[in-house]
Amino acid sequence: MTALLEVKNLTTYFHTRNGVVKAVDDVSFTVKSGETLAIVGESGSGKSVSCYSMLGLIPSPPGRIEAGEAWFDGRDLLKASQAELRQIRGSKIAMIFQDPMTSLNPYLTVGEQLIEPLIFHHKLSRAEAAEKARSLLQEVGIRDPEKTYHAWPHEFSGGMRQRVMIAMALIAEPKLLIADEPTTALDVTIQKQILELVKEIQQHRDIGVIFISHDLAVVKDLADQVVVMKTGRVVERGDAPSIFNCPDHDYTKKLLAAIPAGSKASAHDTAQMSHPLLSVNNLVTTFADRHSGDRFKAVDDISFELQRGEILGLVGESGSGKSTLGRSVLKLAQSDSGSIVFDGEEIQDLTAKAMRPYRRRMQMIFQDPYASLNPRMTIYDTLAEPLVLHDLAKGPQLNKAVLELMDDVGLARAYVRKYPHEFSGGQRQRIAIGRAIATKPELVIADEPVSALDVTIQKQILELILHLVDKHHLSMLFISHDLAVVRVLCDRVMVMKQGRVVESGLMESVWSSPQHDYTEALLKAAP
Amino acid sequence: MSEMLNSTSEAQGSTSSQSGRVDSINEYEKGTSLWSDAWLRLKKNPLALTGLGFLVFIALACLCTPWIAPYGYEEQNLLLGASPPSPQHWLGTDTFGRDLLTRILYGGRVSLMVGLIATSVALLIGVTWGAIAGFVGGKVDAVMMRLVDIIYALPFMIFIVLLMVVFGRNLWLLFFAIGAVEWLTMARIVRGQVQSLKEQEFVEAAISIGLSKWAIIRRHLIPNALGPVIVYTTLTIPSVMLLEAFLSFLGLGIQPPQSSWGLLISYGVESMEEYPWLLIYPGLTLTLTLFALNFLGDGLRDALDVRASKD
């Protein structure tokens with residue numbers, strides 16, 4: 001079979017004020033029709049830039065393609081003019097992006113967005129275009145294409161939007177589909193469906209697919225060929241079975257090892273202890289629907305206990321109410337009824353002011369390390385704020401305490417005067433963890449603290465959390481959509497669906513013999 | 001390591017004298033380096049520094065006017081009449097034979113004071129009002145913003161005339177009245193900023209640390225909303241200066257023989273064809289001042305944006 005796309009010695013540099021960044025350094029790969037090539041690497045490895053540069057999509061300046069060829073359909077893309085590239089992008093090569101929430105125009109119905117290219121590029125009539133759009137929606141597995149056609153983007157979940165994005169990508173019948181981390185923002189069960197859909201389309205239409213991901217596990221069932229990239233260079237390439245079964249390069253081994261697997265080493269049974277640190281009984285939290293005014297129960301009659309020194313996992317998809325439960329326990333969201341007993345004291349009815357003394361003893365780690373740090377405060381100020389507020393340190397002791405926190409979370413002390421934007425996602429999450437443990441709390445609620453991170457970073461952060469829980473005798477409610485991640489950390493687990501706990505028990509027994517259908521579906525969906 | 005500790009305590013020592021406040025959070029604000037960092041960055045921006053230098057020069061000149069002005073502001077020389085610039089009168093004289101340079105300097109005292117005081121009033125009320133409305137939300141927000149809408153809807157002239165009737169003609173009242181109208185837009189801008197900022201997780205993190213609402217507004221929300229506030233402030237200053245000229249022209253502001261830049265310009269327009277210097281020099285002074293303000297404002301906005309490069 002001939003190659004559909006052949007990239008040879010592609011080299012892209014970014015000429016920044018601080019010097020030349022070799023984003024893509026002498027990279028070659030080929031994609032054949034009917035084959036999926038996975039490009040895997042951490043963020044910053046150049047995996048996206050290599051695809052964007054051959055499509056003329058890198059910002060230039062500072063980006064510049066220094067050398068290389070990219071043969072597609074009998075011509076070199078790197079020598080094509082912007083107008084030619086635009087033609088190719090619209091018709092022969094299509095892309096799917098990571099975030100389906102922002103890639104649809106909220107002011108146009110799904111149908112309007114789908115038929116736009118058909119009318120403008122393919123000169124179809126409105127009726128023909130609409131007909132084609134409906135059949136495409138059907139192809140990407142949308143059950144009611146007629147209704148979807150007239151719907152607005154905000155009426156869809158992330159998974160549905162990604163399906164619509166795929167339909168949009170397919171509209172011009174491309175020969176090559178480039179998917180840039182298309183499932184990273186999705187839940188595991190949805191991710192599985194989207195991966196299956198991509199595979200189905202690839203086989204059905206016999207097209208080439210480039211699948212970009214940071215996670216080797218995701219591409220395992222999908223890829224025919226795998227290219228592993230690190231700091232702009234290809235470190236390993238080969239067909240999928242050989243990469244997964246006998247990787248050569250240390251970095252590939254590291255990526256494989258970062259896939260969460262195994263269970264917590266020192267699993268001890270803590271359920272029998274008499275005085276739980278936290279005891280939640282029949283908690284109900286409702287939200288008003290913005291349009292109808294009806295209240296729906298995000299947390300519906302939930303009870304559980306958390307022992308001292310225990311990490312309790314809380315698993316569920318987005319919309320299951322797991323984050324709301326975490327926020328309700330910390331009284332960041334107001335619950336309607338039920339009781340929250342923290343260390344023997346009822347805190348459910350406390351006012352915001354009466355709650356303040358308890359804040360020192362219970363903290364939260366948030367999902368998005370980009371949003372959870374004040375961009376105008378230095379790391380020093382962020383870490384010092386809780387210490388000063390609760391009068392835990394002053395003057396020289398404050399400096400010492402802040403620097404010790406930096407040591408605790410594994411950041412160099414010299415970084416303390418920098419601002420959040422100067423750090424990577426993993427480093428920011430370390431800072432956020434530092435802030436959470438600054439007051440030496442007894443309870444920490446971690447809301448998907450690793451979901452926004454690359455797998456290798458994810459592994460480091462999980463290890464850090466385990467270390468800190470042990471060192472400071474923390475009790476933790478660990479919220480995640482990923483059972484495999486929870487298994488690494490937790491002794492016990494609760495599975496939530498639509499505001500209710502559908503299953504709970506010791507991690508290992510849930511993992512090996514799930515009782516509820518939903519738990520089983522979650523386990524199966526894990527890549 | 002020890003070097004860094006030293007520099008930390010140094011930074012604290014140098015700023016501690018500025019805040020004499022005592023409660024625990026303020027005590028700790030000594031370590032906040034947003035403003036000292038901003039100053040370091042501003043110092044590297046030649047355009048902003050030039051602007052700052054020019055403003056300081058103008059302000060000093062106007063402040064010292066009674067001592068440095070070559071003539072009195074109402075000193076007439078009817079025999080001379082309007083004369084073009086000459087060695088005796090550097091910028092010429094007006095139709096009453098009054099020295100234009102002197103009148104520009106005296107006018108600057110009024111104009112700069114209006115700009116400074118009215119804008120400060122607008123800033124203080126607007127930022128506080130908008131931040132509280134945006135952060136608290138709900139009914140409080142609705143009531144506060146409807147009040148803003150009501151004042152918006154009041155015809156400005158009637159409002160000013162009413163104030164003048166009740167309190168009599170008073171320069172300070174004029175400053176206050178202008179400020180009391182200009183804060184409305186500021187409040188809306190800040191409210192919008194705060195509304196989007198408060199959805200961010202770092203605000204929730206601040207709540208879970210146990211900060212009070214007021215501390216969250218002051219330490220987390222306002223510093224992040226500063227960019228648009230500074231830009232709008234640099235737009236407010238010229239607009240209140242022109243507003244003063246307008247009111248004075250209508251006879252509500254300051255009265256001849258006193259002057260302000262706005263008044264000088266509006267008289268200059270009337271005699272533009274015969275005596276162009278009466279328009280050119282006051283106009284030039286105002287334009288240069290506004291340029292300087294804008295350069296400084298842009299520089300400040302960039303300096304306060306920590307994400308801008310730090311090299």
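This report walks through chain A of a predicted model, two of its helices, a few backbone turns and one residue of chain B.

**Chain A as a whole**

Chain A is built from 19 helices and 20 strands. Its radius of gyration is 25 Å, close to the 24 Å that the globule rule gives for 527 residues, so chain A is as compact as a globular protein of that length. Taken along the principal axes, the C-alpha atoms fill a box of roughly 75 × 55 × 45 Å.

How much of chain A is buried? Buried residues make up 54% of the 527 residues. The contacts tell us about the fold too: among those between residues at least 6 apart in sequence, 69% join residues at least 24 apart. On the outside, the accessible surface of chain A comes to about 22,500 Å², and carbon and sulfur atoms account for 49% of that area. As for charge, chain A carries 59 positive and 66 negative side chains, with the centres of the two sets 5 Å apart.

**Two helices of chain A**

Let us turn to helix 15 and helix 16, whose lengths can be checked against a simple rule.

| Helix of chain A | Residues in helix | Expected span | Distance between end C-alpha atoms |
|---|---|---|---|
| Helix 15 | 13 residues | 18 Å | 19 Å |
| Helix 16 | 18 residues | 26 Å | 26 Å |

For helix 15, the distance agrees with the span expected at 1.5 Å a residue. The distance for helix 16 agrees with its expected span as well.

Helix 15 is mostly covered, with twelve of its 13 residues buried. Among them are three arginines that you may like to find in the viewer: A:Arg428, A:Arg430 and A:Arg435. What do the buried residues of helix 15 pack against? Within chain A, their partners are strand 16 (362–365), helix 13, helix 14 and helix 16, and helix 10 of chain B joins them.

In helix 16 (residues 455–472), the buried residues include A:Ile461, A:Leu462, A:Leu464, A:Ile465, A:Leu468 and A:Val469. An α-helix has 3.6 residues a turn, so residues three or four places apart point the same way. The cover over the buried residues of helix 16 includes helix 10 (250–258), strand 13 (311–315), helix 14 (395–408), helix 15 (425–437), strand 18 (475–480) and helix 17 (483–489) of chain A.

**Residues with positive phi**

Just after helix 16 comes A:His473, with a positive phi near 50°. A:Glu181 is a residue other than glycine with a positive phi, near 45°. A:Glu181 sits in the loop between strand 7 (176–180) and helix 7 (188–205) of chain A. Is A:Glu181 buried or exposed? A:Glu181 is buried, because its relative accessible area of 8% falls under the 20% cut-off.

A:Asp391, also not a glycine, has a positive phi near 60°. This residue belongs to the loop between helix 13 (379–389) and helix 14 of chain A. With a relative accessible area of 53%, A:Asp391 is exposed.

**A residue in chain B**

Helix 10 of chain B, one of the elements that helix 15 of chain A packs against, spans residues 201–209 and contains B:Val203. B:Val203 is buried, with a relative accessible area of 2%. Which residues does B:Val203 touch? Not counting residues up to four places away in sequence, B:Val203 touches B:Phe135, B:Leu197, B:Lys198, B:Ile216 and B:Leu221. By contrast, the C-alpha atoms of B:Val203 and B:Ser86, 117 residues apart along the chain, are separated by 63 Å.

How values were computed: Residues are numbered from 1 along each chain as its sequence is written. Chains are lettered from A and ligands numbered from 1 in the order in which they are written. This is a predicted model: local features need pLDDT of at least 70, side-chain atom pairs count only at pLDDT 80 or more; totals for chains, interfaces and linings use all residues. Side-chain values use heavy atoms; hydrogens and water are left out. Helices (H or I, at least four residues) and strands (E, at least two) are DSSP runs, numbered from the N terminus. Buried means under 20% relative accessible area, exposed over 50%, partly exposed in between (1.4 Å probe, protein chains only). Contact means heavy atoms within 4.5 Å. The radius of gyration is taken over C-alpha atoms; the globule rule is 2.2 Å times the number of residues to the power 0.38. Accessible areas come from the Shrake-Rupley method with a 1.4 Å probe; for residues, only the protein chains shown count as cover. Lys and Arg count as positive and Asp and Glu as negative; His and the chain ends are not counted. The place of a charge is taken as NZ of Lys, CZ of Arg, CG of Asp or CD of Glu. The expected span of a helix is 1.5 Å times one less than its number of residues.
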